Amino acid sequence: MDKLLPLACVVGLCTGCSTWPEEGRGGWAEIYHPDAPSTTNGFENAAPFQVMNEFEHLSLKLDWLKSRGIKHCMPGQLYQAELMLTRINRTLSAQMYAEAQLDLRTFYHQLHQLENHFERVISTTHCGTDTQTDDSKLIGKLETLLNSDNQFAFDSFELTPKYRVNLAQSAELLKMSPGTQVLLVGHTDINGDKISNFELAYKRAESVKSWLTLYGVNPEQVNTLAQGAQVPFSNEPESVQKQHSDRRVNAYILSSSSAASELTKVKPLTEWTRALEDKE
């Protein structure tokens, strides 16, 4: 009996290994589940427009570092970053989006390390502190990110996933420019009473601020206001589409730069009431 046991084990192992399940249905350690979706929403499966958006975002971050004087402080590291950016640009021009996604992931971490290193150099050597920075591109990008896909569902202050992606990118830019502030103004549609609308509008603005601070933005860089249903998105007749646009948070960039326009300079919130009325 003892002699038959090893033989049975060998036969069992051989027969078990001779019937592999089909790949994707349990084979190869069940890497792929048969009911799993064929695609995911991960970075590696981003659509071409998302890849281009990420490329534009990282390009702006590098431009911002250059405007702060990184060329004078860390020329070698800047040269390496520009080489990588040029490579990605050529890959995108050839519509090789899968290859560009891999390079963008590498470039993201490269740029993050470069930014941290540059901050340490500035803090210890004060290199680049005399460089005049241009806020115009940063302000334009921030306004686009913060005011795109910024609508809310009816009677809700929950942000959409797409808007949270915009806020994550905005947070990275705001952390690079601690002197730049943001004013968030909450709005609602005409449904509901005045007091409830003001409360909901304020919650929407505070929700956006909460996500920005969650992504690392200094809370002192973000101010909030509520205008309820007083300032609709447009003067079009009431409709479902118009009311959806009315349920929003508008963002205004407040820059301490002397080169910024009068409207974007930092000022008390009491003055912002008049400024917003003039603009809208």
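In this predicted model, helix α6 passes helix α7 in a left-handed crossing. The pair is a handy place to start. Helix α6 covers residues 136–146, and helix α7 covers residues 161–176. Their axes sit 9 Å apart and pack at an angle of about 160 degrees. An angle over 145 degrees counts as roughly antiparallel, so α6 runs roughly antiparallel to α7. On the α6 side, the contact is made by L138, K141, L142, L145 and L146. Across from them, α7 brings in Y163, N166, L167, Q169, S170, L173 and L174. Sorted by class, the residues of this contact come out as 8 nonpolar, 3 polar and 1 charged.

Helix α6 also has a buried side. Its buried residues are L138, I139, K141, L142, L145 and L146. Looking down the axis of α6, these residues fall within an arc of 165 degrees, so they line one face of the helix. The spacing behind such a pattern is simple: an α-helix has 3.6 residues a turn, so residues three or four places apart point the same way. K141 is one of the buried residues of α6, and K141 also takes part in the contact with α7.

K141 leads on to another helix. N53, which has its place in helix α2, touches K141 and Q169, leaving out residues up to four places away in sequence. Q169 belongs to the α7 side of the α6 and α7 contact. With a relative accessibility of 27%, N53 counts as partly exposed.

Helix α2 has a partner of its own. It takes in residues 48–67, and its axis comes within 10 Å of the axis of helix α5, residues 97–125. The two axes cross at roughly 25 degrees. Since angles under 35 degrees count as roughly parallel, α2 is roughly parallel to α5. This crossing, too, is left-handed. From α2, the residues that meet α5 are P48, V51, E54, F55, L58, K61, L62 and L65. From α5 come Y97, A100, Q101, L104, F107, Y108, L111, L114, E115 and F118. By class, this contact holds 14 nonpolar, 1 polar and 3 charged residues.

How do these helices fit into the whole chain? Along the sequence, the pattern reads α-α-α-α-α-α-α-β-α-β-α-β-α, which adds up to 10 helices and 3 strands. Of the 280 residues in the chain, 38% are buried. Contacts often link stretches far apart in sequence: among those between residues at least 6 apart, 74% join residues at least 24 apart.

Two of the loops between helices contain a residue with a positive phi. Q95 lies in the loop between α4 (75–93) and α5. Its phi is near 60 degrees, a positive value in a residue other than glycine. Q95 counts as exposed, because its relative accessibility is 59%. D149 is found in the loop between α6 and α7. It has a positive phi of about 55 degrees, although it is not a glycine either. At 33% relative accessibility, D149 counts as partly exposed.

Further along the chain, D246 and F233 touch each other. D246 has its place in helix α9, residues 240–246. Its relative accessibility is 1%, so D246 counts as buried. Setting aside residues up to four places away in sequence, D246 touches H187, T188, D189, P232, F233 and S234.

F233 is found in the loop between β2 (222–226) and α9. Is F233 buried or exposed? With a relative accessible area of 52%, F233 is exposed, whereas its contact partner D246 counts as buried. Apart from its neighbours within four places in sequence, F233 is in contact with S245, D246 and R248. H187, one of the residues that D246 touches, is 46 residues from F233 in sequence. In space, F233 and H187 are 8.8 Å apart, C-alpha to C-alpha.

Methods. Residues are numbered from 1 along each chain as its sequence is written. This is a predicted model: local features need pLDDT of at least 70, side-chain atom pairs count only at pLDDT 80 or more; totals for chains, interfaces and linings use all residues. Side-chain values use heavy atoms; hydrogens and water are left out. Axes are lines fitted to C-alpha atoms, for helices over the stretch in contact, and angles run from 0 to 180 degrees between N-to-C directions. Helices (H or I, at least four residues) and strands (E, at least two) are DSSP runs, numbered from the N terminus. Angles under 35 degrees count as roughly parallel, over 145 as roughly antiparallel, 65 to 115 as roughly perpendicular and the rest as oblique. A crossing is left-handed if the near helix is turned anticlockwise from the far one by less than a right angle, and right-handed if clockwise. Contact means heavy atoms within 4.5 Å. Ala, Val, Leu, Ile, Met, Phe, Trp, Tyr, Cys and Pro count as nonpolar, Asp, Glu, Lys and Arg as charged, and the others, Gly among them, as polar. Buried means under 20% relative accessible area, exposed over 50%, partly exposed in between (1.4 Å probe, protein chains only). The arc is that of the directions from the helix axis to the C-beta atoms.
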